[in-house]
Amino acid sequence: MALSRSLALAVLCIILSCYAAVPSIATSDGFLQCLSAAIPEQLLYTQSSPSFTSVLVSSIRNPKFSTPSMVKPLVIVTPTNASHVQAAVVCGRQNDVRIRVRSGGHDYEGLSYRSARPEVFAVVDLANLRSVTVDQKAATAWADSGATLGELYYAISKASNKLAFPAGLCPTIGVGGHLSGGGFGMLLRKYGVAVDNVLDATLVDAKGRLLDKQAMGADVFWAIRGGGGESFGIVLSWKVNLVPVPPTVTMFSVPKSVNEGAVDILTKWQEVAPALPDDLFIRVLVQKQVANFQSMYLGTCDTLLPLMGSRFPELGLNRTHCKEMSWIQSVPYIYLGSTATVEDILNRTTSTTSFSKATSDYVRQAIPKDVWVQIFAWLGKPNAGLMITDPYGGKISSFPEAATPFPHRGGVLYNIQYMNFWSAATDGSAQTKWLKDFYTFMAPYVSQNPREAYVNYRDLDLGENAIVGNVTSYQTAKVWGVKYYKGNFQRLAMAKSEVDPDDYFRNEQSIPPLVASK
């Protein structure tokens, strides 16, 4: 396992004895004193520390959250072992200081390192907990939550060129946050979402205990696999099942403008893409007046071409479009570009200066051709953003909705992610308005009752929690909760009541505790 369990348990015994004996100090000073007694000083960054700002912004992926008005943490804890995380939780409970957890910093609303409301809180930044251990023979791996997807993929490739893991495209995403929300990428039709391939995990709960799958129990283990981060505790590491891939995969990227028939091709894509053999995945990035069809095929160009010719001839794929490579080479190719190397996926930093806002939808009935004409009109407006469509079908759709908290399964044709970007030279109001107006326009053509959304494309405009009696209101949370989780939301709330009934781990869209009625 990637973390030293014995060390963590030994230190925990000392900490918990203090926790039972010491009354709540309920002050920031008491919290910092408690941390200093259990965690090396060089791993703690208070607001007065010279390095506080650099550590805070080290994995802020959206600069709109890096502003003077941002509600910043009291302290950033950068643990190097499980006992440091346990100490942070225990000290937080003693002193009424809540904790937010950051693995890669890609939370779309920045809730892993900031609060949308005035609050005294700390951040546990897991960047130092990033070990990945691959067991090639068993085809499994233990990955710490602070590892990035790029680091996970790279470690797998070093162990075997015949194994992979089905997760997201962006290599700087943290394993912890990604798996907590489900996690999907180019292998979703072949192998499902990332959490469909999770075998075990280690969790620090609200009492500071270090729990594995057996110790946390079936309901909590179910909940952490897609129920969102920061609700049930701090997942430190994940044991995942690795999946077989052929030595050669074929990538293609075929742009089609409106003048080249993009409307007709997209209309056809909706029916074809979710029904193709599960070795073939074709997503579409739609921006301005162009639809870019991006694909991964688990096989060679020689076998792909006749398949596309018979199933999707409208795209006009030919041999010049094919780019054959290994699976690990496809990771930088699809996200970083054709000149990127495999080693580039180990870079944890991003240099983006673009501010952004996103939201999501699910489509269960094909959108009519005339509506696609209107969609392109929206995308042609000033200050317009883009949309990314990922087809489902295959493995991801084969699981029952209640198999994991991630409920978007059978009957889904594809997922839509809407995004818009702006620079520091503007306040983003025009771009945000376009996104909201376009989202309103799309309402009749996407899933309804509930209008589904993907939690890893977090959007606080879907709803925010309200605190009643120092506990998150179930009824208020249900407004956004059923959109992310459908019928699984209630079970998630009941699992929350098992592991964190006092609602210590919470944020603006965390799962509330719900006690089962007798």
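**Aromatic pairs in a predicted model**

Guide: In this predicted model, ring pairs link Tyr-108, Phe-184, Tyr-362, Tyr-392, Phe-406, Tyr-454 and Tyr-457 into a cluster. The structure holds 23 aromatic pairs.

Visitor: Why is the pair of Tyr-108 and Tyr-457 called stacked?

Guide: Their ring centres are 5.7 Å apart. Pairing needs centres within 6.5 Å. Their planes stand at 20°, and planes under 30 degrees apart count as stacked. So the pair is stacked.

Visitor: What makes this pair a tie between parts of the chain?

Guide: Tyr-108 lies in the loop between β3 (98–102) and β4 (121–125). Tyr-457 lies in the loop between α14 (429–442) and β19 (467–468). The pair therefore ties together parts that are 349 residues apart in sequence.

Visitor: Why does Tyr-108 count as buried, partly exposed or exposed?

Guide: Its relative accessibility is 25%. Buried means under 20% and exposed over 50%. So Tyr-108 counts as partly exposed. Tyr-457 has a relative accessible area of 11%, so it is buried.

Visitor: How do you know that Tyr-474 and Phe-489 are stacked?

Guide: Their centres are 5.3 Å apart and their planes are at 25°. The stacking limit is under 30 degrees. So this pair is stacked. Tyr-474 is in helix α15 (residues 474–485) and Phe-489 in helix α16 (residues 489–499). Tyr-474 is buried at 14% relative accessibility, and Phe-489 is buried at 1%.

Visitor: What makes Arg-451 a charge over the face of Tyr-439?

Guide: Arg-451 lies 3.5 Å from the ring centre. The distance limit is within 6 Å. Arg-491 lies over the face of Trp-222, at 3.8 Å from the ring centre.

How values were computed
Residues numbered from 1 in each chain as written. Predicted model: local features only at pLDDT ≥ 70, side-chain atom pairs only at ≥ 80, totals over all residues. Heavy atoms only, no water. Phe/Tyr/Trp six-rings, centres within 6.5 Å; stacked < 30°, edge-to-face > 60°. Helix = DSSP H or I, 4+ residues; strand = E, 2+ residues; numbered from the N terminus. Buried < 20%, exposed > 50% of the residue type's maximum accessible area, 1.4 Å probe, protein only. Lys NZ or Arg CZ within 6 Å of the ring centre and 35° of its normal.
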